[in-house]
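User: I am new to reading protein models, and I would like to learn how to look at one helix and its surroundings. Could you take me through it step by step?

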Amino acid sequence: MSDRHTQILQAAARLIARHGVRGLRVEEVSAEAGVSTALIYYHFKGRGGLLRHTLEHINRRAILYTDVALDTSADARTQLTDMLLLELQDDPHVRENSAAWGELRATAVFDPDLREQLAAATSRWVDDLAHLIRRAQAAGLAAPEADPEATAERLTALVEGLSERWLSGTTSLRRAHQLLRDAITLELRQPPHSHK
């Protein structure tokens, strides 16, 4: 991906996080990125293409900061917990990413192409967590009767909801983290003393 391409996607993500998708115009993105509108049309073919590529960009950025949890020697349950908690960080890039993801998710209600892409990204996220849950079950760190896919789906939905509440100021980050930890304990049905 070229530097200009990335620069445009970063500008689009910033604008979406700050002002939402509804009023986003290619001209605003071009001004924010410091490039011509013609270059945006060249790379993305229009606003719809720009939104789809921005969603991909946001998803790639989230993977970069959450996959850090996988680079540890911790057990699968701890990796899963850490990965989900990393979605809720008081870091400007994470806040921007989370806000933009929420805006694009809301827009997908009215945009079938974006909806399909969002569903695919969410499905990959659920699959990754389900894999960790199966690993935790194999290690005796999660109840064997827990359905990994359903559990992962509930936990990702919770993270999205907590993110919206945290970003809107209706829940503190500390409270969001505690609610998430409690949900993981309940979902995996193991007593707290059996894991880190």
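User: What covers the buried residues of helix 7?

Analyst: This is a predicted model, in which local features need pLDDT of at least 70, side-chain atom pairs count only at pLDDT 80 or more, and totals for chains, interfaces and linings use all residues. Residues are numbered from 1 along each chain as its sequence is written, and side-chain values use heavy atoms, with hydrogens and water left out. Helices are DSSP runs (H or I, at least four residues), numbered from the N terminus, and buried means under 20% relative accessible area, exposed over 50% and partly exposed in between (1.4 Å probe, protein chains only). Among the elements that cover the buried residues of helix 7, by contact (heavy atoms within 4.5 Å), are helix 4 (47–66), helix 6 (92–107) and helix 8 (148–168).

User: Which residues of helix 7 are buried?

Analyst: The buried residues include Leu114, Trp125, Val126 and Ile133.

User: How is a salt bridge read, and where does Arg61 form one?

Analyst: A salt bridge is a side-chain nitrogen of Lys or Arg within 4 Å of a carboxyl oxygen of Asp or Glu. Arg61 forms one with Glu96, where the closest N and O atoms are 3.1 Å apart. Because Arg61 lies in helix 4 and Glu96 in helix 6, the pair ties together parts that are 35 residues apart in sequence.

User: Is Arg61 buried or exposed?

Analyst: Arg61 counts as buried, at 17% relative accessibility, and Glu96 is buried with a relative accessible area of 17%.

Key
Helices (H or I, at least four residues) and strands (E, at least two) are DSSP runs, numbered from the N terminus.
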